[in-house]
Amino acid sequence: KYVDERTWIASDRGSFWTKLRARNPNYQFRALRVLTGYLEDGAFIANNFKTRNYVIEKMDVTSGKCTITGKDPLKLASAKKAQVPAPSTGILLADITAGVGTATLTPAGVGNSEYAASGFINIGSEVVSFTRVADDLDITRGLKGTTASAHSAGDAVQECYVSNAEVNIIIKDILTNFATIDPIYINDAAWQLEVDTYLNGLLDGIITKPTDVNKIFKELSEAKPLYIYWDELNQTINLEALKAPPTSANVVDMDSGIVSDSFKTKDLPKLRASTVYVTFGQVDPTKPLTELSNYTQTVTRVDSDSITKFGNNQVKNIVSRWINSGNKPAAENAAQLVGRRFSDIPREVNFSLEAKDSELLIGQTRSVNHR
């Protein structure tokens, strides 16, 4: 309560943490900054500390103790938090037959509030293009490999997500317009340079039903092998192509940087891929993504040396709605990149560094020297 409405002394009640939470109930996804570093002879020196940037996911206050969980802003793109396309709530006002070229949305006003002036919509198992004035649609029927059919009043009218662009453009569009991530975190020039150097070429896809953003990112990162990650020091979301490490990668050494007894390693045999199939050329975008009969082409990369060395063939299947039937080079490139990277068993390495060696950041490439 306000000071003139209470009969107690606020400072005598509760803890710092309970008051903080009570005064800031809408804390989720607010900025969280953590300073990490080290003391010199017990003294604090600001230059020895670095600020790491996150957003708050949750705050637990129990028995005078508080636990705050911080995540990087890409958490906003995780499952159940963002979907592409955004769910549409409009429905057909009246029945339409297969030959009709107009339709009306209801409830009144939903056209202006949820739908673009033109684009593509999905009604049942049909994709149609549209131009819109208020709630009234002029439509062209049976597109994107679907067939015009009759629909009933009350059928859902879902706006589709359609893109024909480079992978960095698609990812930025989804991050900023569907996961509501601030575009200030994206370095457009750096992303474009990475794509121009390693991942050039267009992707062409349509999503007819709301789909978790992180699932779409998985699809994109297979069509154009890449990964994105949060740079907690520089407050940027970085995009990196899957590529060979630089020959000049700095060395993390067992005798100079790695904390004693912190080094652990394990093989990841399930990630090995001796044969890579990339299936592409989707026919009907309303059918399940995994329905292989709904695609026109497949390219195959076989690493016979990997099969011989390990005594068996391990297969990875990539099914892509983003590579059309006329873009076979993109499918071949994806198969080659993934096949080269995972023809041998990948190895996961975990270790700790002292604070003085904290220049090593997530996403950077290093060589590791350890017995």
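The legends below accompany an overview and several close-up views of a predicted model.

**Figure 1. Overview of the predicted chain, with its secondary structure and overall dimensions.** The chain contains seven helices and 22 strands. Its radius of gyration is 26 Å, well over the 21 Å that the globule rule gives for 371 residues, so the chain is more spread out than a compact globule. Taken along the principal axes, the box filled by the C-alpha atoms is roughly 80 × 80 × 35 Å. Of the 371 residues, 36% are buried, and the chain exposes about 20,800 Å², of which carbon and sulfur atoms supply 50%. Among contacts between residues at least 6 apart in sequence, 69% join residues at least 24 apart.

**Figure 2. The antiparallel pairings of β2 with β1 and with β3.** Strand β1, which covers residues 31-37, runs antiparallel to strand β2, residues 49-62, and seven bridges join the two. Within this pairing, R33 stands opposite N53 of β2. Strand β2 is also joined by seven bridges to strand β3, residues 65-71, and this pairing is again antiparallel. Here V55 has K71 of β3 as its bridge partner. The hairpin of β2 and β3 has two residues between the strands, and in this hairpin S63 takes a positive phi near 55 degrees.

**Figure 3. Surroundings of E232, a buried residue in the loop between β14 and β15.** The loop that holds E232 lies between β14, residues 226-231, and β15, residues 236-241. Is E232 buried or exposed? With a relative accessible area of 16%, E232 counts as buried, because the cut-off for that class is under 20%. The side chain of E232 makes a polar contact with the side chain of R52 at 2.5 Å, and another polar contact, at 3.0 Å, links the side chain of E232 with that of Y54. When residues up to four places away in sequence are not counted, E232 touches T51, R52, N53 and Y54. One of these, N53, is the residue of β2 that stands opposite R33.

**Figure 4. Two non-glycine residues with positive phi, Q235 and D261.** Q235 is placed, like E232, in the loop between β14 and β15. The phi of Q235 is near 55 degrees, a positive value in a residue other than glycine. At 35% relative accessibility, Q235 counts as partly exposed, because this value falls between the limits of 20% for buried and 50% for exposed residues. D261 lies in the loop between β16, residues 251-253, and β17, residues 264-267, and its phi is near 65 degrees, again a positive value in a residue other than glycine. The relative accessible area of D261 is 78%, and D261 is therefore classed as exposed, the cut-off being over 50%.

**Figure 5. Cis peptide bonds that lead into P85 and P107.** The peptide bond from V84 to P85 is cis, with omega near -5 degrees. P85 is placed in the loop between β4, residues 83-84, and β5, residues 91-92. The peptide bond from T106 to P107 is likewise cis, with omega near 5 degrees. P107 is found in the loop between strand β6, residues 102-106, and helix α2, residues 110-114.

**Figure 6. An open antiparallel sheet of six strands.** The strands of this sheet follow the order β5-β6-β9-β8-β7-β10, and their pairing is antiparallel. Which strands form the edges of the sheet? The edge strands are β5 and β10, the latter covering residues 158-159, and each of them pairs on one side only. Within the sheet, six bridges join strand β8, residues 126-133, to strand β9, residues 136-143, and these two strands run antiparallel. V127 has L143 of β9 as its bridge partner.

**Figure 7. Position of S11 in the segment before α1, and its separation from K287.** S11 is placed in the segment before helix α1, which covers residues 16-23. With a relative accessible area of 58%, S11 is exposed. Along the chain, S11 and K287 are 276 residues apart, and their C-alpha atoms are separated by 62 Å.

Notes: Residues are numbered from 1 along each chain as its sequence is written. This is a predicted model: local features need pLDDT of at least 70, side-chain atom pairs count only at pLDDT 80 or more; totals for chains, interfaces and linings use all residues. Side-chain values use heavy atoms; hydrogens and water are left out. Two strands pair if DSSP finds at least two bridges between them. Helices (H or I, at least four residues) and strands (E, at least two) are DSSP runs, numbered from the N terminus. Buried means under 20% relative accessible area, exposed over 50%, partly exposed in between (1.4 Å probe, protein chains only). A polar contact is a pair of N or O atoms within 3.5 Å; within protein, one must be able to donate a hydrogen and the other to accept it, and residues adjacent in sequence count only if both atoms are side-chain atoms. Contact means heavy atoms within 4.5 Å. The radius of gyration is taken over C-alpha atoms; the globule rule is 2.2 Å times the number of residues to the power 0.38. Accessible areas come from the Shrake-Rupley method with a 1.4 Å probe; for residues, only the protein chains shown count as cover.
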